[in-house]
Amino acid sequence: MARILMVDDDADFLEVQERVLARGGHEVATAHNGTEALEALNDDANYDLVILDLMMDQSDEGFTLAHRVRSLIGGDASIMILTGVRRAHDLGFDLDSPSGRKWIDADDFVEKPVSAEDLLERVRRLVE
Amino acid sequence: MSSEPRQSGVSYEETPRIIVLDDEESIRLGCEKVLSREGFEVDVAADGSSGWEMLKEGDYDLALIDLKMPGIDGMNILKLLNENLPDVVAIVITGYASYETAVETVKLGAYDYIPKPFTPDELRNVVRRGLERRFLRLSNRRLREERERFLLDLTEERSRLLTILRAMSDGVIVANRRGELVLSNPAGRGWLRGDPQEGEVPPVIADVVKYEEISQMVERIEEDPDLASCDAELDAEDDRYFHAAATAVRDEGGAYMGVVIVIRDITERREIEKMKSAFVRMVSHELRSPLAAVQGYLDLLVDGDVTEEDSHRMLERCRARVEALQQMINDLLDISRIESGVMHREMRVQDLGEVLEEVVELQRGAATGRDIDVLLETAGCLELTADRRELEEIFTNLVSNAIKYNRDGGRVTVTAARSEDRLRVDVADTGIGMKPEVLDSVFDEFFRVRSSETASVTGTGLGLAIVKRLVDAYGGDIDIRSEYGEGSTFSVELPVQPK
């Protein structure tokens, strides 16, 4: 059981994952964009895990968001990138290559779409 | 005697022109008679001054000159000829033939001399020799001129190539088989340190190139006899990208002669690649997001454990997302069709007023649901040549946006009128409007205004991108006026006759 903040601009996806995580016994808060996420963390940064979408509102704010989230939650908590973007050559990001992932300060990268079991398993590994 | 020139070994291209300068009338007449019979054109002058005037104008081949004459004497005529008309063959007629006179006249440029009195035969012989001399001289000069022209052509060829090389935007650097710099154009010199043109000894290319990649290519070419060419990318300052290609030059026997390096600015190509990559990333994001949502809902539904009410809502959401996905794919295909120019257009004369009426009618349902008034005001003849389906697509997108991004109880006003050879349509709404900073992005693919007010608005973010491309394809214009919180007006101008 972990405290999780999930950030995604897709309300349907957010609803689904919130239910999945809650069913897995986790306590879940949600944010629809970077601004909401930072507001939530400023109020209370006591999360075990923050799940971030990379592209929100068609912008790449998720890329820079990870660093700001990290500074708020500290090094003990985890960041999971949950994204539909596999590669962004224009941003130097590549999910498939260690060097292409390295510059985003995250503990795990998960590609959308993701099954419920898969998501719960990846979360378990991060928060244990 | 024949009046035809007797041709003794020499054939004249033109009738030779001869002038006789002598103050003795018998000599003038005698010479004229003898030489005319030979077929030559003969003029005479009785004194040096008039003789010189005739020589200047007459284009003569040969002059017979008496040394002793009133006015300008023979010696001075020789001098003048030598200075001004050196190709005219001068033959001196002299009453006191002596070795000294002969030497002196030859010094002054005379070709020969003939002592008085002389026989017609002596005259004919000396004149023929003189003419031979004259024509030999002319043909030699012609050959010399031809040769000079040929050399001139060669220099021109060389300077033409250098001009082309100099004007090239690609950098060109050439090294010989010892790796020494032998040629570079201005664009190429930008890649070299110092000004290698100045030095007397050609520098070794590896010592002067600014980028290691270039010397490495030269090295690879020098070391590998089978390597015909190789290339590399250079990251220069100012975010510019360059491509360098090195090609080995070999003689017919295959012996290595040197290497030619061509460096080209590929920044623009790179920018396009980046844009493509960003587009693919956005498409993949836009397609995966609804899929991920649908898959998530389906997983929840299959697992059970959702209330009747929730499951109904989730199925509705699934359907909405799948429909949006379908629309997105159609829009993407439209964009790619417009961009590739492969469109099956049926260009006919259309009544834009009629098209707008239909579009407004079809959208009215969505408007009345939210108590939005849609007004259509048309004036004058609104005929234009266009594809009906494309017109419908342009204005359906605009009217539908004006309704979607309106406030409940708002108004949409569509006005159309002709101005000169264009039709102008304004679609104005009383909706949420846009901030100035987003106006530039409005026609970008996937751009959508995001705010709490638009959270419930669905769309692909491709509608305006399609409208813009279609309007461009007709040679028309589209622009926006928008006031945040007040509303937006989209204005489209289409030519009556597209180009």
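**Asn397(B) sits in helix H12 (residues 388-404) of chain B.** Here, helices (H or I, at least four residues) and strands (E, at least two) are DSSP runs, numbered from the N terminus. This is a predicted model, in which local features need pLDDT of at least 70 and side-chain atom pairs count only at pLDDT 80 or more, while totals for chains, interfaces and linings use all residues; side-chain values use heavy atoms, with hydrogens and water left out. Residues are numbered from 1 along each chain as its sequence is written, and chains are lettered from A and ligands numbered from 1 in the order in which they are written. With a relative accessibility of 19%, Asn397(B) counts as buried; that word stands for under 20% relative accessible area, exposed for over 50%, and partly exposed for values in between (1.4 Å probe, protein chains only). Setting aside neighbours within four places in sequence, Asn397(B) is in contact with Gly463(B) and Val467(B), where contact means heavy atoms within 4.5 Å.

**Helix H4 (residues 99-107) of chain B has a buried side and an exposed one.** Take a look at Thr101(B), Ala102(B) and Thr105(B), which are buried. These residues cover an arc of only 100° around the axis, which puts them on the same side of H4(B); the arc is that of the directions from the helix axis to the C-beta atoms. The buried residues pack against helix H3 (74-84), strand E4 (89-94) and strand E5 (112-115) of chain B. Turn to the other side of H4(B) and you meet Tyr99(B), Glu100(B) and Lys107(B), which are exposed. After the helix comes Gly109(B), with a positive phi near 105°.

**A buried salt bridge joins Asp22(B) to Lys116(B).** The closest N and O atoms of this pair are 3.6 Å apart; a salt bridge is a side-chain nitrogen of Lys or Arg within 4 Å of a carboxyl oxygen of Asp or Glu. The two partners are 94 residues apart, Asp22(B) lying in the loop between strand E1 (17-21) and helix H1 (25-37), and Lys116(B) in the loop between E5 and helix H5 (120-167) of chain B. Lys116(B) also leads into a cis peptide bond to Pro117(B), with omega about -10°. Chain A offers a cis bond too, from Lys112(A) to Pro113(A), with omega near -10°. Pro113(A) is found in the loop between strand E7 (108-111) and helix H5 (116-127) of chain A.

**Arg124(B) and Glu38(B) form a salt bridge.** Their closest N and O atoms are 3.8 Å apart. Arg124(B) belongs to helix H5 and Glu38(B) to the loop between H1 and strand E2 (41-45) of chain B, so the pair ties together parts that are 86 residues apart in sequence. Arg124(B) counts as buried at 14% relative accessibility, and Glu38(B) counts as buried at 1%.

**Glu273(B) and Arg270(B) pair within helix H9 of chain B.** This salt bridge has its closest N and O atoms 3.5 Å apart. Because the two residues are three residues apart in the helix, about one helical turn separates them. Glu273(B) is partly exposed at 40% relative accessibility, and Arg270(B) is partly exposed as well, at 23%.

**Chain B meets chain A through 29 of its residues, which are in contact with 25 residues of chain A.** About 2,400 Å² is buried between the two chains, with carbon and sulfur atoms giving 49%; buried area is the accessible area (1.4 Å probe) that two parts lose on being put together, summed over both. On the side of chain B, Arg281(B), His285(B) and Arg288(B) lose the most area to chain A, together 29% of what that side buries. Eight salt bridges are counted between the chains. One to look for is Asp305(B) with Arg23(A), whose closest N and O atoms are 3.7 Å apart. Helix H9 (267-302) and helix H10 (308-340) are the elements of chain B that give two or more residues to this side. H9(B) gives the most, with 18 residues.

**Asp371(B) and Glu420(B) have positive phi although they are not glycines.** Asp371(B), with phi about 60°, lies in the loop between helix H11 (352-369) and strand E12 (373-378) of chain B. At 60% relative accessibility, Asp371(B) counts as exposed. Glu420(B), with phi about 55°, is in the loop between strand E14 (411-419) and strand E15 (422-429) of chain B. Glu420(B) is exposed too, with a relative accessible area of 73%.
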